[in-house]
Amino acid sequence: MYDPNPQHGKSGVTPTTVTIPRDAQVEPNNYMALAIFVTICCFLPTGIAAIVFSSRVKDLFNRGDLDGAQDAAAKAKKLSLISLVIGLILITISVILNITMGT
């Protein structure tokens with residue numbers, strides 16, 4: 001009988017394992033410090049939402065959902081910046097009113 005694999009059954013051949021590395025993924029910045037700062041100092045409602053999205057980044061990344069982690073990080077950053085702008089506007093209005101009202 002014809003054997004197409006002449007090495008079949010011989011002990012000199014050892015199988016090799018090839019490991020293909022996964023692309024190195026970097027965890028996105030979660031902007032937690034910024035979210036906490038703007039929540040305390042600027043504008044509470046959007047600051048709380050920023051903290052919620054910020055806290056989701058690490059969990060999503062650890063589950064392998066890089067797109068979800070990047071999306072949550074982008075939302076946390078956006079909401080933090082919105083809180084910062086609203087807070088600065090409110091502080092400016094407060095200062096102007098205090099100066100013009102004389103109190």
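This passage describes how the helices of a predicted protein model are arranged and how selected residues sit among them.

The protein chain contains three helices and zero strands, and its elements, followed from the N terminus, run α-α-α. Of the 103 residues in the protein chain, 20% are buried. Among the contacts in the protein chain with a separation of 6 or more, 61% are accounted for by residues 24 or more positions apart.

Helix α1, which comprises residues 32-41, has A35, V38 and T39 as its buried residues. When α1 is seen down its axis, these buried residues fall within an arc of 105°, and they therefore line one face of the helix. The exposed residues A33 and I40 are carried on the face of α1 that is turned away from the buried side. The partners against which the buried residues of α1 pack are α2, spanning 44-62, and α3, spanning 66-101.

With regard to the first of these partners, the axes of α1 and α2 come within 8 Å and cross at roughly 160°. Because an angle over 145 degrees counts as roughly antiparallel, α1 and α2 are roughly antiparallel to each other. The crossing in which α1 passes α2 is left-handed. On the side of α1, this contact is made by M32, A35, I36, V38 and T39, while on the side of α2 it is made by L44, G47, I48, A50, I51, S54 and S55. When the residues of the contact of α1 with α2 are divided by class, eight are nonpolar, four are polar and none is charged.

With regard to the other partner, the axes of α1 and α3 come within 9 Å, and the angle at which they cross is roughly 30°. The cut-off for a roughly parallel pair is an angle under 35 degrees, so α1 is roughly parallel to α3. The crossing of α1 and α3 is left-handed. In this contact, L34, A35 and V38 of α1 meet S80, S83 and L84 of α3. By class, the contact of α1 with α3 comprises four nonpolar residues, two polar residues and no charged residues. Two residues of α1, A35 and V38, thus appear both in the contact with α2 and in the contact with α3.

One of the residues of α3 that meet α1 is S83, whose place in helix α3 can be considered together with its surroundings. S83 has a relative accessible area of 0% and is therefore buried, given that buried means under 20%. When residues up to four places away in sequence are not counted, S83 touches V38, C42, F43, T46 and G47. Among these neighbours, V38 belongs to the buried residues of α1, and G47 is one of the α2 residues in the contact with α1.

A further residue of helix α3 is A72, which has a relative accessible area of 4% and is likewise buried. Leaving aside residues up to four places away in sequence, A72 touches F53, R56, V57 and L60. A72 and L60 lie 12 residues apart along the chain, and their C-alpha atoms are separated by 8.6 Å.

Key. Residues are numbered from 1 along each chain as its sequence is written. This is a predicted model: local features need pLDDT of at least 70, side-chain atom pairs count only at pLDDT 80 or more; totals for chains, interfaces and linings use all residues. Side-chain values use heavy atoms; hydrogens and water are left out. Buried means under 20% relative accessible area, exposed over 50%, partly exposed in between (1.4 Å probe, protein chains only). Helices (H or I, at least four residues) and strands (E, at least two) are DSSP runs, numbered from the N terminus. The arc is that of the directions from the helix axis to the C-beta atoms. Contact means heavy atoms within 4.5 Å. Axes are lines fitted to C-alpha atoms, for helices over the stretch in contact, and angles run from 0 to 180 degrees between N-to-C directions. Angles under 35 degrees count as roughly parallel, over 145 as roughly antiparallel, 65 to 115 as roughly perpendicular and the rest as oblique. A crossing is left-handed if the near helix is turned anticlockwise from the far one by less than a right angle, and right-handed if clockwise. Ala, Val, Leu, Ile, Met, Phe, Trp, Tyr, Cys and Pro count as nonpolar, Asp, Glu, Lys and Arg as charged, and the others, Gly among them, as polar.
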